[in-house]
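Visitor: I have a model on the screen and some questions about it. Could you walk me through it?

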Amino acid sequence: MAASLLAFLLLLVGGMFSTSTPPPGPLEKVFQYIELHQDEFVQTLKEWVAVESNWVQPVPRLRRELHQMAGLAADQLQGLGARLASVDTGFHQLPDGQTLPIPPILLAELGSDPKKPTVCFSGHTDVQPARQEDRWLTDPYTLTEVDGKLYGRGTTDNKGPVLACINAVSAFKALDEGLPVNVKFLIKGMEEARSLALEELVWKEKSGFFSSVDCIVILDNLWISQRKPALIYGTRGNSYFTVEVKCRDQDFHSGTFGGILNESMADLVALLGSLVDKSGCILVPGLYEHVAPVTEEKRMYEAIDLDVGEFRSSSRVKGLLFDTKEELLMHLWRYPSLSIHGIEGAFHEPGAKTVIPGRVIGKFSIRLVPHVDMSVVETQVKQHLEYIFSKRNSSNQMTVSTALGLHPWIANISDHQYLA
């Protein structure tokens, strides 16, 4: 959180479009205030982390947690004296037919001085599912300090950064230091599920809330190292797929049916194994055709401060697929990647169970890069899996579906805001 606060403060005090050095006085006071109130800030983060605001799993209890989280964020913004609008975003139908309201999008404003630039900070308060059984070292919904670091679901993605900005503004307000920019907040509660209703709201508020915005800062990003903040000018998109293989709805006993069936799990494992090789190369034909060729941009990676050994050590892995900083960063940022996430319907509890699953669903996603068309990738994936499945001559049914589609984006790094 301290790192996020520092980055935010430097932006505020430095001013987006100014090259002059700000006087040290106000900044030193703000830093002192933050140090004195650090325990309060951490306590608020602890309260936020404790809310299981999980949008991904369609459970009514978790939907209520999302609305509770929106209320906590609204309280913080109102505590700053912000003008706040809680925008109703409609309803979402669950798989069982229930219809529940989507959590509101919060729009907050502090300051309207036409002589100052306006910065809009965009973040979210929903999180991915987490259980301690998923190899968390601590309870994911109890903020825990280990070796000077805070662990808890949402601490980094994205409750912590949202609170860091709110806390930085609160420091200026408490010290009666005028903010050098007008500040706006856009806080949503369904980012982990395509940010439902957000695009519609942005278009609707183009001439309203967003009309005076000079710069939007996305809070949902990481530092590339522990020493320097990162200036993000693009992100990879994401196509999320499910592939279902069905023999029948009920499971089988292997002592009764083993050896006489096309087993759905065997088919699925073969399908998933056909997607990517041991070097991380995606095996779907044609997928790399529209990836932009590497140009002199490679020099940019050479200048980035990243220690590969330190990165590997902090990641707690024995090895990485690439040894050089440049190759590592390019495969993280400018090339597509494919990851396999899980299998639904398979036996996964501790112990032994001699079951043959009758129906299984594999889940995988592809991180997309600019120039790669999402609809084309979806067609390529389906054609590839249909081909692999046909070669097995299986009597089972196979269905490929796209569960999520998010486009990549990239900004112009020669823009005056990035140059500043």
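What follows is a short exchange on confidence, one helix and the strands.

Visitor: What pLDDT does the protein average, and where is confidence lowest?
Guide: This is a predicted model. The protein averages a pLDDT of 89, and 94% of the residues score at least 70. Confidence is highest in H8, at 98. Over residues 13-20 the pLDDT is below 50. Confidence is lowest, at a mean of 51, in helix H1 (residues 2-14).

Visitor: How far apart are the end C-alpha atoms of helix H12, and what should its 18 residues span?
Guide: H12 covers residues 374-391. At 1.5 Å a residue, its 18 residues should span 26 Å. The end C-alpha atoms agree with that, being apart by 26 Å.

Visitor: Which residues of H12 are buried, and what arc do they cover around the axis?
Guide: The buried residues are Met 374, Val 377, Glu 378, Gln 380, Val 381, His 384, Leu 385, Ile 388 and Phe 389. Their arc puts them on the same side of H12. On the other side, Gln 383 and Lys 391 are exposed. The arc of the buried residues is only 165°.

Visitor: Which elements do the buried residues of H12 pack against?
Guide: One partner is a helix, H8 (264-273). The others are strands. In full, the buried residues of H12 pack against H8, S11 (237-246), S15 (359-368) and S16 (397-406).

Visitor: Why is S15 largely enclosed by the rest of the structure, and which strands pair with it?
Guide: Seven of the ten residues of S15 are buried, so the rest of the structure largely encloses it. S11 pairs with S15 in the antiparallel sense over ten bridges, with Lys 246 opposite Arg 359. A second antiparallel pairing, over seven bridges, links S15 to S13 (residues 337-344). There, Glu 344 has as its bridge partner Ile 361. The strands asked for are S11 and S13.

Visitor: In what order do the five strands of the open sheet lie, and which are the edge strands?
Guide: The order is S1-S4-S8-S5-S9, with mixed pairing. Each edge strand pairs on one side only. The edge strands are S1 (83-87) and S9 (215-218).

Visitor: How many bridges join S5 to S8?
Guide: S5 (residues 118-124) and S8 (residues 182-188) run parallel. Gly 123 stands opposite Ile 187 in S8. The number of bridges joining S5 to S8 is seven.

Visitor: Which strands of the sheet does helix H4 touch, and what angle does its direction make with that of S4?
Guide: H4 (residues 60-79) packs on the sheet. H4 touches S1, S4 (105-110) and S8. With the direction of S4, that of H4 makes an angle of about 5°.

Terms used. Residues numbered from 1 in each chain as written. Predicted model: local features only at pLDDT ≥ 70, side-chain atom pairs only at ≥ 80, totals over all residues. Heavy atoms only, no water. Helix = DSSP H or I, 4+ residues; strand = E, 2+ residues; numbered from the N terminus. Expected span 1.5 Å × (residues − 1). Buried < 20%, exposed > 50% of the residue type's maximum accessible area, 1.4 Å probe, protein only. Arc of directions from axis to C-beta. Contact = heavy atoms within 4.5 Å. pLDDT = per-residue confidence, 0-100. Pairing = 2+ DSSP bridges. Axes fitted to C-alpha atoms, helices over the stretch in contact; angles between N-to-C directions.
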